[in-house]
Each structure stands twice: as structure tokens, then as C-alpha cells.
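Please load the model in the viewer and keep a selection panel open. The tour below proceeds by selection, and each stop states what is to be found there.

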Amino acid sequence: MPQECPENKTNSYYSDPDVRLMLDFQQGNKRAFEKLMRLYFPRLLNFIYRFIPNRETAEDLTQEVFIKVYKSAAAYIPLSKFQTWIFTIAKNISLNEIRRNKNSGLSLDEAFGSEKNTLKDQIEDKTIPCPDRNIMQEEIASAVKAAINSLPENQRVAVLLCRYEKFSYKEIAETMNLSVEAVKSLLSRGKENLKGRLAGIIDNN
Amino acid sequence: MKTNCHEISRLIPLYSDNGLSVEEKQLVEQHIAGCEKCKQEVLAYKKIWEMLAGIERIEPAPNYISRFWTELSSRMPWHENFLNELKTSLSQKRLVPVFVTMSVIILLSIVSIRNYFQIERVPAITAALSETELEIIEYMQLAEDYDIVEEIDFFEETEALL
């Protein structure tokens, strides 16, 4: 009878196919790493881009995430699902970048429109008598981006992981190093804030 | 017992992404069936959740994987790069015959060089020997040859007997 791998008894994360890929890479399989890149690079790029709305910076930071993963491969021990682990790295890198830019006085939020051009101004723009549907869609999208961007960091991370990455509350909790109850509270407050910011759009639709 | 709006308002934000337990979900559903205000709240949160999906996605640059390797190698010292390349090459099974052939060639070269130097040293060693020593060596060679001849004779005789 084949013997069960001792790893599986102690660590359920070994059954995660992405964890297996990371362990293959740890053994020197470069293709396993490239497969992980193909799986996660586009997702992480968009996750980071929603924090830092500058394409070039988002690409560089996503690359930075994979450089970190590459360098930590030798010491890698699966203590969570792979996606939770890599999104934690991406979250930390994004927040560090935001703090670094705040300290240097640079704004990364310009692409989403400045605060002067508020949602109310966009919706109540009387210079456009009959707005084209596409323009309206673009305005809604930009208002949504601005609303997400206005959320406090923790609420933003929770909302992005829940809405776009379809993370469960437990996975969000692991990524953010919080309890599930704290995540629920963050999401509730985050959604309340979004509702407050986007109230104009809801009323107009 | 009928739940009040204040209690339900706490649960409504999580209702839109199925974040509530079965019991909590039932409470919300029972309540909004008879409360228009809270029903509108549920719809508003649902709408916001749907609006968030409208943000466009960006695609990475087509060469993002090769860009990554270039960036990585530019940050690593040359010896680490060399070792990594070697490791990668060894892990690719199709390169095994190449490595085996190279190893055989290297081994043969080492043996040939060693023999060449040994042959080169023979005249010098012979020059250092006295005549008596040279004679002894000659006799030893003759004796070896004689043994061989004897063995051949033995086998031939045995064959003839058979």
C-alpha cells in the first residue's frame, strides 16, 4: 500500500496546486515559477492598479512582488493558500508605495480625477444636454474609481479582495492578518462609505 | 418576534455579497418583505456592488515574463546568475546527453594529457639509469614476453590435444 506523504498529514496547504507549483520552483523548476506568473501577474497587476492608478508604476510593483516571491523561494514554507500569501505581499508593497508617495508629497490619485472635480459636479454637468451613453459609463466608472480610492486603506483592501478577487471572508482575514469579524466590520463600513460617495449616481439611475 | 430597521441595517451591507449566515439572511429577507425602506437600502447596496464590476481591467505588457527575468538578472551578482543558469540547464532532461558527452571528452582529454607527459619523461628517466639497471629492465621485459609465449604455447597444445 502506498504510504501517505507525511507533509499532507501536517499541512493541508500542500494540496493547493499553486503551493505545489511554488514547491516545484523551490526544487529548481523555473517553468513552475513562470506558470505562477501567468496565473497571478494579471490579477495582481489589476489589484495594485486599483490602489495606484498609474499603469507603469503598477507594472513595476507587480514585478516587485514576483522578485520578492523569487527571493523567498528558498525559505518558503506553505502556511496559507498561495493566493493569500502572494496577495499579502502585493498589499504590503502597494501600501508601502502609497505611504512613500504621501511622504514625498506626490499624488498617485491624479488619474482618478482630483477632488475638485467631485462626483456631484460630474453628474450635474449641465453643459452636456444629452450625454452619450459611453461618456456616462466612463463617468460612472471614474466616479466608482474615485469612491474606491477615497476609502481608508484597510477598507479598500477588504473591498477589492472581496469584490474583484472573490476572496472568502476567511481568506481576506488571512491576507490582512485580521479576524473574520474584523473583516465583516471593515466591509460593512467600506460599503457604507461607497454608498455615501455614490449616492448621486444611484439616485440618477 | 419582528426585527426593527436598526438591527437589520447592520446586516444589509453584507447581504449583497452573500456574507451573512443562513439565519441572518432569513432575518433580512423576512424584514424587507414588509419594509419598503430597508428593501430600497438592499437594492442600493446591490447596485453599488454591481457598479464596482464596471471598472475596466488592464492587461500586462506582452513581454512581462521576459522583462521580469531581465530585471531579476540585472539585480543579481554574476556568480548567482551563472549558478542559476547551470541549475536550470541541468533540470532540463533533454540536455543530459550533451552534458554526458562533454564529461567524456573532458575525461579523455585529462587522461591523454597525463599520458603525454609520462611519455615525455621516459628519455629523461632512461638517461638517469646505469647500464646494469637498463640490462635488468631488458631482462624483465624478455621474461614477460617469455611468459606470454609460454601461455600461447600452452593453449595451442591444449587445443591440439582436444
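Begin with chain A of this predicted model, coloured by secondary structure: the chain holds 10 helices and zero strands. Followed from the N terminus, its elements therefore read α-α-α-α-α-α-α-α-α-α, in the notation of DSSP runs. Chain A has 205 residues, of which 49% count as buried. Taking contacts between residues at least 6 apart in sequence, 65% in chain A join residues at least 24 apart. The chain exposes about 10,800 Å², with carbon and sulfur atoms supplying 50% of that area.

Next, select chain B. Its secondary structure consists of seven helices and zero strands, and the order from the N terminus is α-α-α-α-α-α-α. Of its 162 residues, 21% are buried. Among contacts in chain B between residues at least 6 apart in sequence, 41% join residues at least 24 apart. About 12,700 Å² of chain B is exposed, and carbon and sulfur atoms account for 63% of it.

**Inside chain A**

Select A:Ile201, in helix α10 (residues 180–204) of chain A. Is this residue buried or exposed? A:Ile201 has a relative accessible area of 4% and is buried, because the limit for that class is under 20%. Add A:Val144 to the selection and draw the C-alpha to C-alpha distance: the two residues are 57 apart in sequence and 9.5 Å apart in space.

Now turn to the salt bridges, of which there are 12 over all chains. Display A:Glu171 and A:Lys81 for one of them, in which the closest N and O atoms are 2.6 Å apart. A:Glu171 belongs to helix α9 (residues 169–176) of chain A, while A:Lys81 sits in the loop between α4 (55–71) and α5 (82–104), so the pair ties together parts that are 90 residues apart in sequence. A:Glu171 is buried, at a relative accessible area of 12%, whereas A:Lys81 is partly exposed, at 31%.

**Between the chains**

Which residue of chain B forms a salt bridge with A:Lys145? Select B:Glu56: the closest N and O atoms of this pair lie 3.0 Å apart. A:Lys145 is found in helix α7 (residues 133–149) of chain A and B:Glu56 in the loop between α3 (36–52) and α4 (64–75) of chain B, so this salt bridge joins two chains. A:Lys145 counts as buried at 14% relative accessibility, and B:Glu56 as partly exposed at 36%.

Proceed to B:Glu41 and A:Lys195, which also form a salt bridge, with 2.9 Å between the closest N and O atoms. Here helix α3 of chain B provides B:Glu41 and helix α10 of chain A provides A:Lys195, so the pair joins two chains. B:Glu41 is partly exposed, with a relative accessible area of 29%.

For the last stop in this group, select A:Arg55, A:Glu59, A:Asp60 and B:Arg67 together; these residues are linked in a network of salt bridges.

**The surface of chain B**

Switch to a surface representation and select B:Trp78, B:Phe82, B:Leu83 and B:Leu86. They form a nonpolar patch with about 490 Å² of accessible area together. Within this patch, B:Leu86 lies in helix α5 (residues 78–91) of chain B. B:Leu86 has a relative accessible area of 36% and is partly exposed, so this residue passes the patch cut-off of over 30%.

Then select B:Phe99, in helix α6 (residues 96–128) of chain B. B:Phe99 is partly exposed, at 27% relative accessibility. A C-alpha to C-alpha line from B:Phe99 to B:Ser89 spans 9.6 Å, for a sequence separation of 10 residues.

Finally, colour the surface by charge. Which residues gather in a patch of negative charge? Select B:Glu144, B:Asp145, B:Asp147, B:Glu150, B:Glu151, B:Asp153, B:Glu156, B:Glu157 and B:Glu159 to display this surface patch. One of its members, B:Asp153, is located in helix α7 (residues 131–161) of chain B. At a relative accessible area of 36%, B:Asp153 is partly exposed.

Definitions and conventions:
Residues are numbered from 1 along each chain as its sequence is written. Chains are lettered from A and ligands numbered from 1 in the order in which they are written. This is a predicted model: local features need pLDDT of at least 70, side-chain atom pairs count only at pLDDT 80 or more; totals for chains, interfaces and linings use all residues. Side-chain values use heavy atoms; hydrogens and water are left out. Patches are made of residues with over 30% relative accessible area and no salt bridge: like charges are joined within 9 Å, nonpolar side chains (Val, Leu, Ile, Met, Phe, Trp, Tyr) within 5 Å. Accessible areas come from the Shrake-Rupley method with a 1.4 Å probe; for residues, only the protein chains shown count as cover. A salt bridge is a side-chain nitrogen of Lys or Arg within 4 Å of a carboxyl oxygen of Asp or Glu. Lys and Arg count as positive and Asp and Glu as negative; His and the chain ends are not counted. The place of a charge is taken as NZ of Lys, CZ of Arg, CG of Asp or CD of Glu. Helices (H or I, at least four residues) and strands (E, at least two) are DSSP runs, numbered from the N terminus. Buried means under 20% relative accessible area, exposed over 50%, partly exposed in between (1.4 Å probe, protein chains only). Contact means heavy atoms within 4.5 Å.
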